[in-house]
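Work through the exercises below with the model open. Each one sets a task and then solves it step by step.

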Amino acid sequence: MEITREEATSRRRTFAQWAAAAHDPLVPMTTRVDIDRRFREWTRRTPAFTIAWATGVTATILDTLPPSDPWRTPHPGFGTFRDGSDVTFVPEDEEEWDRERLLLDINLIAIADPMPPGAARVMAACAASSEDGQFTLTELRKATESRRDAVTADVAQSIVLWSLWRRRNYCGNDDEFPLSMMYGWLSYASAVEDGRPVPHEIIDPDIFTAALTDEDYRATAATEDQREI
């Protein structure tokens with residue numbers, strides 16, 4: 001759908017605010033709710049933009065993970081907090097560690113809830129390329145019979161947040177790369193929405209600079225005893 005320049009600016013501001021809120025955990029809940037409401041409204045009005053932005057951001061971040069990181073090739077059934085067990089402590093007793101307790105764990109709260117249906121498949125496609133991710137989420141949207149806009153927004157937010165969580169385990173909270181990519185993809189998604197290709201010649205050098213190595217994975221995935229050794 002065609003939108004005015006003023007509307008495009010409003011949309012860009014909403015997505016930029018969503019990115020900032022994802023980067024800063026201290027954003028008030030009421031502010032997050034308002035941003036989420038506007039994010040969903042723009043998804044309803046311009047789903048192609050949301051799809052291009054979310055899958056592009058996810059693909060870019062996943063492309064910086066270590067080559068051996070299992071999240072680059074999500075397994076069937078991927079999408080629960082247990083998929084983080086290689087980089088952080090995950091309880092073995094499912095009955096003792098219910099959702100309410102998971103929500104108290106600062107290392108797991110971001111992935112305490114399972115990914116929404118279809119999100120893991122979209123994330124796996126993003127690990128191949130942003131174009132594959134766009135196609136997969138677009139097809140998922142087409143196949144959704146009810147709450148199509150809500151499902152699109154849920155999956156879009158989920159894949160971005162899970163990829164952010166994974167990289168943050170390596171780089172900590174001060175890593176500026178994900179935020180810069182979330183901002184950068186505001187322009188790239190507009191181009192894709194207009195029918196232009198993803199500008200890999202611009203994005204790839206940034207990915208190369210921010211790429212992690214298998215040594216990073218080995219260090220992060222090691223137990224405390226192994227790190228001491």
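**Exercise 1. Compare the span of helix α3 with the expected span, and state how far α3 is enclosed.**

Step 1. α3 covers residues 47–62, which is 16 residues. Helices are DSSP runs of H or I with at least four residues, numbered from the N terminus.

Step 2. From first C-alpha to last, α3 reaches 22 Å. The expected span is 1.5 Å times one less than the number of residues. For α3 that gives 22 Å, and the model comes close to it.

Step 3. Now check burial. Buried means under 20% relative accessible area, exposed over 50%, and partly exposed in between, with a 1.4 Å probe and protein chains only. In α3, 15 of the 16 residues are buried, so the helix is largely enclosed by the rest of the structure.

A note on the input: this is a predicted model, where local features need pLDDT of at least 70, side-chain atom pairs count only at pLDDT 80 or more, and totals for chains, interfaces and linings use all residues. Residues are numbered from 1 along each chain as its sequence is written, and side-chain values use heavy atoms, with hydrogens and water left out.

**Exercise 2. Place R147 and describe its backbone.**

Step 1. Start from the rule. Most residues other than glycine have a negative phi.

Step 2. R147 is not a glycine, yet its phi is positive, about 55°.

Step 3. Locate R147. It sits in the loop between α6 (130–143) and α7 (148–171).

Step 4. Is R147 buried or exposed? Its relative accessible area is 56%, so R147 is exposed.

**Exercise 3. Describe the aromatic contacts.**

Step 1. Set the criterion. Rings of Phe, Tyr and Trp (its six-membered ring) pair if their centres lie within 6.5 Å; planes under 30 degrees apart count as stacked, over 60 as edge-to-face and the rest as tilted.

Step 2. Search the whole structure. The search returns 11 aromatic pairs. One of them joins W71 and F78, with 5.0 Å between centres and 90° between planes, and is edge-to-face. Both W71 and F78 are buried.

Step 3. Look for a cluster. F15, W18, F39, F49 and W53 are linked by ring pairs.

Step 4. Check for a charge over a ring. The test asks for NZ of Lys or CZ of Arg within 6 Å of the ring centre and within 35 degrees of the ring normal. R11 lies over the face of F49, 3.8 Å from the ring centre.

**Exercise 4. Characterise the cavity.**

Step 1. Fix the terms. On a 1 Å grid over the protein atoms alone, a cavity is a set of points where a 1.4 Å probe fits but cannot get out, and a pocket is an open set with protein on both sides within 12 Å along at least five of seven lines; lining residues have an atom within 4 Å of a point. Grid points are joined across faces, edges and corners, and a volume is the space filled by probe spheres set on the points.

Step 2. Count and size. There is one cavity of 30 Å³ or more. The largest cavity holds about 70 Å³.

Step 3. List the lining: A22, H23, L164, R168, G172, D175, P178 and M182. α1 (5–23), α7 and α8 (177–193) each give at least two of the lining residues.

Step 4. Sort by class. Ala, Val, Leu, Ile, Met, Phe, Trp, Tyr, Cys and Pro count as nonpolar, Asp, Glu, Lys and Arg as charged, and the others, Gly among them, as polar. The cavity lining has four nonpolar, two polar and two charged residues.

**Exercise 5. Profile the two largest pockets.**

Step 1. The largest pocket has about 1400 Å³ of space. Its lining has 34 residues, with A22, R32, I109, A110 and L161 nearest the centre.

Step 2. α7 supplies the largest share of that lining, nine residues. The classes are 21 nonpolar, six polar and seven charged.

Step 3. The second largest pocket has about 210 Å³. Residues that line it include R11, R45, P47 and E193. α3 and α8 each supply at least two lining residues. Here the split is four nonpolar, two polar and five charged.

**Exercise 6. Find the C-alpha separation of R44 and A150.**

Step 1. R44 belongs to helix α2. At a relative accessible area of 45%, R44 is partly exposed.

Step 2. R44 and A150 are 106 residues apart along the chain, and their C-alpha atoms are 8.0 Å apart.
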